[in-house]
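I opened the notebook on this chain to record what I looked up in the model, element by element. I begin with the cut-off for exposure and then move on to the sheets and the helix contacts.

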Amino acid sequence: MKSAKGSGARKPPADSTLRPLDPGTAATAAPGMMVPLSSTSAYIGRFAPSPTGALHFGSLLAALASFLDARANQGSWLLRMEDLDPSREPVGAAEQILDTLESFGLFWDGPVVYQSSRLAEYQKTLSLLAQKGLTYECDCSRQRTRANNGIYDNQCRHRTNPPPADFAIRLQLPDISLCFDDRIQGIYQQHLPSQCGDVVLRRRDGLIAYQLAVVIDDAWQGVTDIVRGFDLIDSTPRQIALQQLLQLPTPRYAHIPVACNINGQKLSKQHFAKALEPQNTAFYLREALGFLGQDISGISRQESTPSLLQRAIERWDIQRVPKLANIPVGQQLG
Ligand SMILES: [Zn+2]
């Protein structure tokens, strides 16, 4: 059964004239500046999974929190499939994710955007940044970065001879501290050179990196509000830096705690997180709402999924989400 709102199309229109909803409505506040939601123009939120496997409880949390925040603010909720790495994407995984979202009543607006169809756009931006002299080639090993706590030391910025083959393209980030005001976690600050290092825009294997695609697409889709897991909070300053270099608006950010298993590992395919069972949607929804600190008092256990979701929209209060990096969940969920 579909809600009156209905589900958006799964494929872009055949004429491929898909346009951003309305970039003019995107938030134009400077990073760190909070704008009361009521005083802004249209809210546009999104959920952007990688189709690397079935949705698990951890991914449901990100989908649900972004959906509830969008609907509680009378906003749109877009769906973007971050399918840039075919080697990690089992056949049918994207369709399965869409089926699961629908079984929860999480119906998106407009057509699903597939990043694999946007490679020419990413390449265009890469060329633009290169023309401005903001990128450079790097063939440093992963071990080098690992030895420096995962932070690249910008070694190739000033090399005179280009690497012979198999190089990544990095963006020269400004030597600044970048700060933003997260709607859940509060002020978050990062010194880009010492806590991040120049960011990869195109990987050594030729694939477009997440950090580039996400910034381009959030702006292209006019996204005003990003609600996602805490594991991405340390990527946010580099994404804001890239938005500023490209003169794109900066959305508002909210980072929810990440669900981890009893061993303290983030729920993920890699750590064998359990796939959500479509017949138990009401159970997972209640668990997810509890995890997100929402008020579920007085809601009967017999409540149906659509009615539970409607109540959750009415009661949504982002300030109740725990200001934590992660929260362990029981074996039934993880
Ligand atoms: Zn290098």
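Before calling any residue exposed, I fixed the cut-off: a residue is buried if 20 or more other C-beta atoms lie within 10 Å of its own, exposed if 12 or fewer, and partly exposed in between. I also noted that this is a predicted model.

**Entry: Q74**

I looked up Q74 and found its place in the loop between α1 (57-72) and β2 (76-81). Is Q74 buried or exposed? I counted 9 other C-beta atoms within 10 Å of Q74, so this residue is exposed. I then checked a pair remote in sequence, and found that the C-alpha atoms of Q74 and I313 are separated by 10.0 Å, although the two residues are 239 apart along the chain.

**Entry: the whole chain**

I listed the secondary structure and obtained 9 helices and 12 strands. Of the 334 residues of the protein, 39% count as buried. Among contacts between residues at least 6 apart in sequence, I found that 80% join residues at least 24 apart.

**Entry: the sheet β1-β2-β3 and helix α1**

I traced an open sheet of 3 strands in the order β1-β2-β3, with parallel pairing. I placed β1 (44-47) and β3 (113-114) at the edges, where each has a single partner strand, so one side of each is left without a neighbour in the sheet. Between β2 and β3, which run parallel, I found 2 bridges, and I noted V113 in β3 as the bridge partner of R80.

I next followed α1, which lies across β1 and β2 and runs at about 165 degrees to β1. On looking for a helix packed against α1, I came to α8 (residues 281-291), which meets α1 at an angle of about 70 degrees, with the axes 10 Å apart. I therefore entered α1 and α8 as roughly perpendicular to each other. Which residues make the contact of α1 with α8? I read off F57, L60, L61 and L64 from α1, and Y284, A288 and F291 from α8. I sorted the residues of this contact into 7 nonpolar, no polar and no charged.

**Entry: the sheet β4-β5-β8**

I traced another open sheet of 3 strands, in the order β4-β5-β8, and its pairing is antiparallel. I noted β4 (135-138) and β8 (199-202) at the edges, each with a single partner strand, so that one side of each is left without a neighbour in the sheet. Direction ignored, I found neighbouring strands of this sheet turned by 45 degrees against each other on average.

I then went through the pairings of β5 in turn. β4 and β5 pair in the antiparallel sense over 4 bridges, and T135 stands opposite L171 in β5. Strand β5 (residues 168-171) also pairs with β8 in the antiparallel sense, over 3 bridges. Within that pairing I recorded V199 in β8 as the bridge partner of L171, and R202 in β8 as the residue opposite I169. I checked both faces of β5 and found them covered, with A168 and R170 buried on one side and I169 and L171 buried on the other.

**Entry: β9 and β10**

I looked up strand β9 (residues 225-229), which is mostly covered, 5 of its 5 residues being buried. β9 pairs with strand β10 (residues 252-256) in the parallel sense over 5 bridges, and I noted R228 opposite H255 in β10.

**Entry: helices α6 and α7**

I examined helix α6 (residues 210-220) and helix α7 (residues 236-245), which pack at an angle of about 60 degrees, with their axes 10 Å apart. I therefore described α6 and α7 as oblique to each other, and recorded that α6 passes α7 in a right-handed crossing. I assigned the contact to Q211, V214, V215 and A219 of α6 and to R238, Q239, L242 and Q243 of α7. The residues of this contact divide into 4 nonpolar, 3 polar and 1 charged.

How many of the 10 residues of α7 are buried? I found 7 of the 10, so α7 is largely enclosed by the rest of the structure. The buried residues of α7 are T236, P237, R238, Q239, I240, A241 and L242. I closed the entry just after α7, where Q247 takes a positive phi of about 55 degrees.

Notes: Residues numbered from 1 in each chain as written. Predicted model: local features only at pLDDT ≥ 70, side-chain atom pairs only at ≥ 80, totals over all residues. Axes fitted to C-alpha atoms, helices over the stretch in contact; angles between N-to-C directions. Parallel < 35°, antiparallel > 145°, perpendicular 65-115°, else oblique. Left-handed = near helix turned anticlockwise from the far one by under 90°. Contact = placed C-beta atoms within 7 Å. Nonpolar A, V, L, I, M, F, W, Y, C, P; charged D, E, K, R; others polar. Pairing = 2+ DSSP bridges.
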